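Visitor: Hi, could you walk me through this one? I'd like to start with the overall picture and then get into some details.

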Amino acid sequence: MSQFQINYLGCGSATPTLRHLPSCQVIDYRDNLFMVDCGEGAQLSMRRQRLKYSRLGHIFLSHLHGDHCLGLPGLISTLALTGKDGGEVTIHTTSEGVDIFRRIIGFFCRETPFDVRYNVFDPKARSVIFESDALTVTSFPLYHRVPCAGFIFAEKPKLRHLKGDVVRFYNIPIKDYLMIKGGADWMTAEGRVIPNSALTSPADPVMSYAYCSDTVYDERVARSIEGVHTVYHEATYTDDYRDKARQRGHSTASEAARIALAAGARQLVLGHFSKRYADEVQHLKEAQAIFPNTIIAREGLELPLL
């Protein structure tokens with residue numbers, strides 16, 4: 001099983017027939033859950049996909065349009081009633097978001113068995129807003145009608161693998177393993193230097209995921225996510241509505257593909273489709289003409305990063 005998996009709970013722009021739910025994704029990294037955007041019904045979608053409420057520790061809000069954040073009070077209420085006992089949930093949002101949700105959650109969720117904390121970031125600046133020993137989350141600007149940010153989830157470089165037979169041959173003490181796995185050479189008692197390349201094999205590749213929420217096509221987005229493994233990018237419209245996309249602060253499927261191509265990504269996931277479309281066949285066709293390795297985000301999709 002992948003240690004880095006994206007779970008699509010809501011793919012944006014809900015239709016009258018509920019073909020898609022409001023925006024919400026959960027990144028499962030080593031059984032720690034990170035939610036990105038929180039549209040209405042997020043807690044129900046988590047339950048349907050059997051994601052553990054107790055493992056959710058961080059919620060990242062790209063911007064303050066209702067289809068991306070109005071599920072937050074209901075989610076926090078559900079966590080308080082049924083899902084999370086102790087610890088904390090950190091909500092990463094703008095200063096305006098803190099003012100709004102501190103009042104709403106303070107009113108409806110006065111007593112929670114966990115701490116609700118806020119981390120303020122500037123959506124107009126690039127910054128690391130979360131860091132652990134293995135993962136970083138970096139915000140970067142997007143270009144919508146209101147201040148909006150994207151997020152990059154990136155693994156830190158991993159340790160190299162010890163060659164067991166070589167380590168045993170030189171009788172290397174356990175206390176030196178970590179240093180060697182980090183890339184250091186090793187010296188024998190006689191003063192002979194054993195190069196790291198003889199002691200280890202390359203580390204596993206690192207994975208990364210970029211979430212590009214509501215934004216017009218802008219080459220600065222591609223530069224911000226350069227080198228990312230998998231890109232999620234909004235694709236509200238097809239090419240025949242390109243002018244409307246720009247007027248409303250959105251992108252087309254082909255524009256999303258151009259961003260992924262310019263960024264050097266390996267995989268593109270399209271989401272946030274306008275309600276005017278009965279399906280996403282044309283979105284996929286237009287994107288794959290530019291970036292063949294494109295898929296459509298659908299509720300219930302589980303995407304391991306391998």
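Guide: Happy to. One term to begin with: a residue is called buried when its relative accessible area is under 20%. Please also keep in mind that this is a predicted model.

Visitor: Good. What share of the chain is buried, then?

Guide: Of the 306 residues in the chain, 53% are buried.

Visitor: And how many helices and strands are there?

Guide: The chain contains 11 helices and 18 strands. Its C-alpha trace spans about 75 × 50 × 35 Å along the principal axes.

Visitor: What part of the contacts comes from residues 24 or more positions apart?

Guide: Those pairs make up 63% of the contacts, counting contacts with a separation of 6 or more.

Visitor: What about the surface? How much area does the chain expose?

Guide: About 14400 Å² is exposed, and 52% of that is supplied by carbon and sulfur atoms.

Visitor: And the charges, how far apart are the mean positions of the positive and negative ones?

Guide: They are 1 Å apart, with 35 positive and 34 negative charges in the chain.

Visitor: Switching topic: how many disulfides are there?

Guide: Zero, from a search of the whole structure. Take Cys 148: the closest cysteine sulfur belongs to Cys 212 and is 9.6 Å away, which is too far for a bond. For a disulfide, the two sulfur atoms would have to be within 2.5 Å.

Visitor: Are those two cysteines buried or exposed?

Guide: Cys 148 is buried, at a relative accessible area of 1%. Cys 212 is buried too, with a value of 0%.

Visitor: Let's look at a helix. Where is α4, and how far does it reach?

Guide: Helix α4 covers residues 95-108, so 14 residues. From first C-alpha to last it reaches 20 Å, close to the 20 Å expected at 1.5 Å a residue.

Visitor: Which residues of α4 are buried?

Guide: Gly 97, Val 98, Phe 101 and Ile 105 are buried there.

Visitor: Tell me about Gly 97. Why does Gly 97 count as buried?

Guide: Because its relative accessibility is 0%, and the cut-off for buried is under 20%.

Visitor: What does Gly 97 touch, leaving out residues up to four places away in sequence?

Guide: With those set aside, Gly 97 touches Leu 64 and Arg 102.

Visitor: One last thing: how far is Gly 97 from Ala 203?

Guide: Their C-alpha atoms are separated by 40 Å, and the two residues sit 106 residues apart along the chain.

Methods:
Residues numbered from 1 in each chain as written. Predicted model: local features only at pLDDT ≥ 70, side-chain atom pairs only at ≥ 80, totals over all residues. Heavy atoms only, no water. Helix = DSSP H or I, 4+ residues; strand = E, 2+ residues; numbered from the N terminus. Buried < 20%, exposed > 50% of the residue type's maximum accessible area, 1.4 Å probe, protein only. Contact = heavy atoms within 4.5 Å. Areas by Shrake-Rupley, 256 points an atom, 1.4 Å probe, with all protein chains shown as cover. Lys, Arg positive; Asp, Glu negative; His and termini not counted. Charge placed at Lys NZ, Arg CZ, Asp CG, Glu CD. Expected span 1.5 Å × (residues − 1).
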